Amino acid sequence: MTQTQELDKQGVGGNVKHILSIDLDWSLTDRQNLEIISLCTKLFKTNIPIYFIKQHHHAYDLIDKNSIIYNIDHHHDIFYNPEHLQFLNENKVDEGSWVMGAIFEKKIKGYIWVKNYNSDYDEKVLLKHTFLRNLEIFKIFNNLSDLKIPKTDKVIICESACYNKSTSFTYQLLKNLCVDLQKKYEEIEKPNDLSYNYLK
């Protein structure tokens, strides 16, 4: 059964929003960089809304209720340490915990992560927490070619230069490509790119 058939079987459709999030720190090789550029070029030729952000937790405000997040990212951004869990008590998230915030606030129905083979992923730690087990959909892939999205309602592109210095060039290239293709986009500007996002 394909991923799309599985989503259809589970009744995931209709008013569900399918949000593609691309963290450019996923691209560790020239081949991966070309994959991202090729994917974005196709998306820029559609009428799908495109958002550019500097740090990944600023995606939190762009996540609609009743969404599935498809995250191409070197990091899963669910949470990495006890401090991230403490953030929930303070109603805040950072770049390593924004997905947890979206799950906790019941903004999303599913989370699909395309990681790298050497991504930091401790399944035993994550799966101790019922908020992950209660998601309708939770999948992890190692290759971009495995990702199948029934439709795309929104695209979020994150620079994450503090995690991979080479992303700044690709980030600017993709914005220039939007201009060249006459594709409108919105860049989310924050006074402090590292400031926390607060749960709603």
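Is Trp 113 buried or exposed? With a relative accessibility of 1%, Trp 113 counts as buried. Keep in mind as you read on that this is a predicted model.

## Trp 113 and its surroundings

Trp 113 sits in strand β5. Setting aside neighbours within four places in sequence, its contacts include Asn 71, Asp 73 and the three histidines His 74, His 75 and His 76. Trp 113 also touches Ser 119, Asp 120 and Tyr 121, along with Lys 139, Ile 140 and Phe 141.

Two of these contacts can be described at the level of atoms. The Trp 113 side chain comes to 2.8 Å from the backbone oxygen of Asp 73, and to 3.3 Å from the backbone oxygen of His 75. If you would like a distance to check in your viewer, the C-alpha atoms of Trp 113 and Asn 134 are 16 Å apart, with the two positions 21 residues apart along the chain.

## Salt bridges

Side chains of opposite charge can pair when their charged atoms come close. How many salt bridges does a search of the whole structure find? The search turns up 8.

One of them joins the side chains of Lys 54 and Glu 159, at 2.8 Å from N to O. Lys 54 belongs to the loop between β2 (50-53) and β3 (67-72), and Glu 159 to the loop between β7 (154-158) and α7 (167-180), so this pair ties together parts that lie 105 residues apart in sequence. The partners can be described by their accessibility too: Lys 54 is partly exposed at 27%, while Glu 159 is buried at 6%.

## Two further pairs

Strand β5 returns here, as Lys 109 and Glu 136 form a salt bridge at 2.9 Å, N to O. Lys 109 lies in β5 (residues 108-114) and Glu 136 in the loop between α6 (130-133) and β6 (137-141), so the bridge links parts that are 27 residues apart in sequence. Glu 136 is partly exposed, its relative accessible area being 43%.

Another salt bridge pairs Asp 153 with Lys 151, whose closest N and O atoms are 3.7 Å apart. Asp 153 has a relative accessible area of 23%, which makes it partly exposed, and Lys 151 is partly exposed as well, at 35%.

## Ser 27 in its loop

Finally, have a look at Ser 27, in the loop between β1 (17-23) and α2 (30-44). Although it is a loop residue, Ser 27 is buried, with a relative accessible area of 6%. Beyond residues up to four places away in sequence, Ser 27 touches Gln 32, Asn 33, Ile 36 and Asn 164.

Conventions:
Residues are numbered from 1 along each chain as its sequence is written. This is a predicted model: local features need pLDDT of at least 70, side-chain atom pairs count only at pLDDT 80 or more; totals for chains, interfaces and linings use all residues. Side-chain values use heavy atoms; hydrogens and water are left out. Helices (H or I, at least four residues) and strands (E, at least two) are DSSP runs, numbered from the N terminus. Buried means under 20% relative accessible area, exposed over 50%, partly exposed in between (1.4 Å probe, protein chains only). Contact means heavy atoms within 4.5 Å. A salt bridge is a side-chain nitrogen of Lys or Arg within 4 Å of a carboxyl oxygen of Asp or Glu. A polar contact is a pair of N or O atoms within 3.5 Å; within protein, one must be able to donate a hydrogen and the other to accept it, and residues adjacent in sequence count only if both atoms are side-chain atoms.
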